[in-house]
Amino acid sequence: MINTDICIIGAGPVGLFAVFEAGLLKMRCHLIDVLPQVGGQLSEIYPHKPIYDIPGYPSITAQELIDKQLEQIKPFDPTFTLGERVEHITKQDDGSFIVETNDHTMVHTQVIVIAGGLGCFEPRKPEIPNLHLFEGKGVDYMVKDPAKYRDKKIVIAGGGDSALDWTFHLADIAQQVTLIHRSDSFRGAPDSAEKVFKLAQQGKINLLLSHNLTNIHGNDYLSHVETTNKEKEVIATDADYFIPLYGLTPKLGPIADWGLNIDKNAIEVNTFDYSTNIERIYAIGDINTYPGKLKLILCGYHEAALMCQSAFKFVYPDQKLTFKYTTVNGINTF
Ligand SMILES: Cc1cc2nc3c(=O)[nH]c(=O)nc-3n(C[C@H](O)[C@H](O)[C@H](O)COP(=O)(O)OP(=O)(O)OC[C@H]3O[C@@H](n4cnc5c(N)ncnc54)[C@H](O)[C@@H]3O)c2cc1C
């Protein structure tokens, strides 16, 4: 069991900044994110897009901002559980909570902060008949640990940045990589597409363009992926793993069932401290709603600061909180 003062659900920019604000008040944080990396929408949807409305940065790319935030919270030594979705929370007699993920990681925490943004990003799945039979038996919807694919036969499907980037990356690790795409051009960055075409010309990957995915087969475990080409010929490609990378759709997910007041897929909070209708549970960033709410990174940062001032009383019930500037006291770590 992991023990912490604040369990933050969602490691997007707002969850990460909450670690900083909590750290200043000597509250420890554990973050959980269903994605295999931190950064929320910024790292997952638009890592290379410049952002112009962060004070102090006339322009910064989304991934650079996340990297800077990680640097900023390093002194506070936060801990992370990545690639797992928070499913359940259970209130204890003393008011604290046990937070549990789909992989049964358990976190005991005094306060829960939901910084879940648009909710869980769920993978878009291809519509083929046998897919569900091989989930966890050769079918993966995201690449959590590339080492898993060492010396294996991999089939990737998709035409966006994820499919291109992982094809490129896994080509060096796997025994064989096949990329299947229904069109003959890619949606992803031209530079990545060019790299993939080059790998195919060099015979380092197998590129099946204008191929439709029709089914997957195996006995207990996946053995091959079936496609048809323009001429309607059926082609079977050997596969230890099939990774369809068709993008992600946001869903509020399990959070919707915890008894929180929800309005149009967002959690209602009061604007005094961003607390929810359940004591010791706060919601900050894109996932909350209140009159005048703006879904901006900047606004989430402000919410994180006020939330921490309020959460302090649950972590240190016997102490009086005195407000201090970082410039006066420096950043004292634990
Ligand atoms: C294309 C685009 C451009 C944008 N440009 C700007 C801009 O220029 N300036 C600006 O201020 N804003 C911009 N935004 C908005 C900005 O990205 C959001 O306001 C910001 O990401 C909100 O941060 P967050 O931390 O609240 O949520 P998110 O970034 O959405 O992160 C939430 C995290 O919570 C995780 N999560 C959710 N539920 C669970 C669960 N049950 N278990 C585990 N993990 C969970 C998710 O996986 C996700 O990683 C843009 C948005 C988009 C889509």
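Lys264 is exposed, with a relative accessible area of 76%, where exposed means over 50% relative accessible area, buried under 20% and partly exposed in between, with a 1.4 Å probe and protein chains only. The structure is a predicted model, in which local features need pLDDT of at least 70 and side-chain atom pairs count only at pLDDT 80 or more, whereas totals for chains, interfaces and linings use all residues. Residues are numbered from 1 along each chain as its sequence is written, and side-chain values use heavy atoms, with hydrogens and water left out.

Lys264 sits in the loop between strand S18 (262-263) and strand S19 (266-268); helices (H or I, at least four residues) and strands (E, at least two) are DSSP runs numbered from the N terminus. Although Lys264 is not a glycine, its phi is positive, at about 45 degrees. His104 is likewise not a glycine and has a positive phi of about 70 degrees. The C-alpha atoms of Lys264 and Gln202 are separated by 51 Å, and the two residues are 62 apart along the chain. The loop residues are set out below.

| Residue | Loop between | Relative accessibility |
|---|---|---|
| His104 | strand S7 (97-101) and strand S8 (106-114) | 58%, exposed |
| Gln202 | helix H5 (190-201) and strand S12 (206-209) | 46%, partly exposed |
| Leu296 | strand S21 (288-289) and helix H6 (297-315) | 32%, partly exposed |

Leu296 also belongs, with Leu294 and Leu298, to a nonpolar surface patch of about 240 Å². Patches are made of residues with over 30% relative accessible area and no salt bridge, nonpolar side chains (Val, Leu, Ile, Met, Phe, Trp, Tyr) being joined within 5 Å and like charges within 9 Å. A salt bridge here is a side-chain nitrogen of Lys or Arg within 4 Å of a carboxyl oxygen of Asp or Glu.

The largest pocket has a volume of about 1000 Å³. Of the 33 residues that line the largest pocket, Ser43, Glu44, Asp161, Ser162 and Asp165 are the closest to its centre. Helix H2 (40-44), strand S9 (120-123), helix H4 (161-170) and strand S17 (248-251) are the elements that give two or more residues to this lining, and H4 supplies the largest share, six residues. A pocket is an open set of points on a 1 Å grid over the protein atoms alone, where a 1.4 Å probe fits, with protein on both sides within 12 Å along at least five of seven lines, and lining residues have an atom within 4 Å of a point. By class, the lining of the largest pocket has 19 nonpolar, nine polar and five charged residues.

Methods. Accessible areas come from the Shrake-Rupley method with a 1.4 Å probe; for residues, only the protein chains shown count as cover. Grid points are joined across faces, edges and corners, and a volume is the space filled by probe spheres set on the points. Ala, Val, Leu, Ile, Met, Phe, Trp, Tyr, Cys and Pro count as nonpolar, Asp, Glu, Lys and Arg as charged, and the others, Gly among them, as polar.
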